[in-house]
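Grab a pencil and have the model open beside you. We'll work through a few exercises together, one step at a time.

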Amino acid sequence: MQINIHAKDITLQASHEDYIKEKLGKLTHYAEVLQDESVKCDVHVEKSKNKTQGLHVEMKATILVPGDSLHAEVDAMQVTEAADLISEKLERQVKKYKESR
């Protein structure tokens, strides 16, 4: 799976990018189709501000798999927390996708 990370209004450290790739890379253990290099995962990370939470991180990820796309969005206070949450959401979707195939 190819993982592409795009940042908007935030500068991601190399350690954050590595952490995101590590967390999403673990999804390949749940479905063999994700191990194919033709499968693409686009991750968009954006710093946002709202009245109740103040500064926070929005992360959106889309995995394009044969015949479908898996999508998740999360808000968190830190990049690593967002990566953990989005990984959990996508893990559930990958398992459902695998069962339906």
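**Exercise 1: Helix H2 and its two sides**

Let's begin with the cover: H1, E3 and E4 are among the elements that lie over the buried residues of H2. Keep in mind that this is a predicted model.

Task: Which residues of H2 are buried, and on which side of H2 do they sit?

Solution.
- Step 1. Pick out the buried residues of H2: Val-79, Ala-82, Ala-83, Ile-86, Ser-87, Leu-90, Val-94 and Tyr-97.
- Step 2. Look down the axis. These residues take up an arc of only 125°, so they are on the same side of H2.
- Step 3. Recall a general rule: an α-helix has 3.6 residues a turn, so residues three or four places apart point the same way.
- Step 4. Now turn to the other side of H2, where Arg-92, Lys-96 and Glu-99 are exposed.
- Step 5. Zoom in on one buried residue. Ser-87 belongs to helix H2, and its relative accessibility is 8%, under the 20% cut-off, so Ser-87 counts as buried. Beyond its neighbours within four places in sequence, Ser-87 is in contact with Lys-23, Leu-24 and Leu-27.

**Exercise 2: Checking helix lengths**

Task: What span should H1 and H2 have at 1.5 Å a residue, and how far apart are their end C-alpha atoms?

Solution.
- Step 1. Take H1. Its 12 residues should span 16 Å at 1.5 Å a residue, and the end C-alpha atoms of H1 are 16 Å apart, which agrees.
- Step 2. Do it again for H2. Here 22 residues should span 32 Å, and the end C-alpha atoms of H2 are 31 Å apart, which agrees.

**Exercise 3: The buried side of H1**

Task: Which residues of H1 are buried, and what covers them?

Solution.
- Step 1. The buried residues of H1 are Ile-20, Lys-23 and Leu-24.
- Step 2. Their arc around the axis is only 90°, which puts them on the same side of H1.
- Step 3. The cover over them includes E1, E2, E3 and H2.
- Step 4. Check how H1 is placed: this helix lies across E1, E2 and E3, and runs at about 140° to E1.

**Exercise 4: Building the sheet**

Task: What is the order of the strands in the sheet, and which are the edge strands?

Solution.
- Step 1. Write down the order. The open sheet has 4 strands, E1-E2-E3-E4, with mixed pairing.
- Step 2. Find the edges: E1 and E4, each of which pairs on one side only.
- Step 3. Add the twist. On average, neighbouring strands of this sheet are turned by 15° against each other, direction ignored.
- Step 4. Look at the pairs. E2 and E3 run antiparallel and are joined by 11 bridges, while E3 and E4 pair in the antiparallel sense over 9 bridges.
- Step 5. Follow single bridges. Cys-41 stands opposite Ile-63 in E3, and Ile-63 in turn has Leu-70 in E4 as a bridge partner. Asp-42 has Thr-62 in E3 as its bridge partner.
- Step 6. Finish at the hairpin of E3 and E4. There are 2 residues between the strands, and Gly-67 takes a positive phi near 85°.

**Exercise 5: Far in sequence, and in space?**

Task: How many residues apart in sequence are Ile-3 and Val-43, and what is their C-alpha to C-alpha distance?

Solution.
- Step 1. Place Ile-3: this residue is in strand E1.
- Step 2. With 16% relative accessibility, Ile-3 counts as buried.
- Step 3. Ile-3 and Val-43 are 40 residues apart in sequence and 7.3 Å apart in space, C-alpha to C-alpha.
- Step 4. Set residues up to four places away aside, and Ile-3 touches Lys-21, Leu-24, Gly-25, Cys-41 and Val-43.
- Step 5. Try another pair. Val-65 is in strand E3. The C-alpha atoms of Val-65 and Leu-85 are separated by 20 Å, with the two residues 20 apart along the chain.

**Exercise 6: Into the core**

Task: How many residues make up the largest nonpolar core, and which element gives the largest share?

Solution.
- Step 1. The largest nonpolar core has 29 residues, and Ile-20, Leu-24, Leu-34, Val-43, Met-59, Ile-63 and Leu-90 have the most contacts inside it.
- Step 2. Two or more residues come from each of E1, H1, E2, E3, E4 and H2.
- Step 3. The largest share, 7 residues, comes from H2.
- Step 4. Follow Leu-24 outwards. Residues up to four places away don't count here, and Leu-24 touches Met-1, Ile-3, Cys-41, Val-43, Ile-86, Ser-87 and Leu-90.

Notes
Residues are numbered from 1 along each chain as its sequence is written. This is a predicted model: local features need pLDDT of at least 70, side-chain atom pairs count only at pLDDT 80 or more; totals for chains, interfaces and linings use all residues. Side-chain values use heavy atoms; hydrogens and water are left out. A nonpolar core is a set of buried Ala, Val, Leu, Ile, Met, Phe, Trp, Tyr and Cys residues joined through side-chain atoms within 4.5 Å. Buried means under 20% relative accessible area, exposed over 50%, partly exposed in between (1.4 Å probe, protein chains only). Contact means heavy atoms within 4.5 Å. Two strands pair if DSSP finds at least two bridges between them. Axes are lines fitted to C-alpha atoms, for helices over the stretch in contact, and angles run from 0 to 180 degrees between N-to-C directions. The expected span of a helix is 1.5 Å times one less than its number of residues. The arc is that of the directions from the helix axis to the C-beta atoms.
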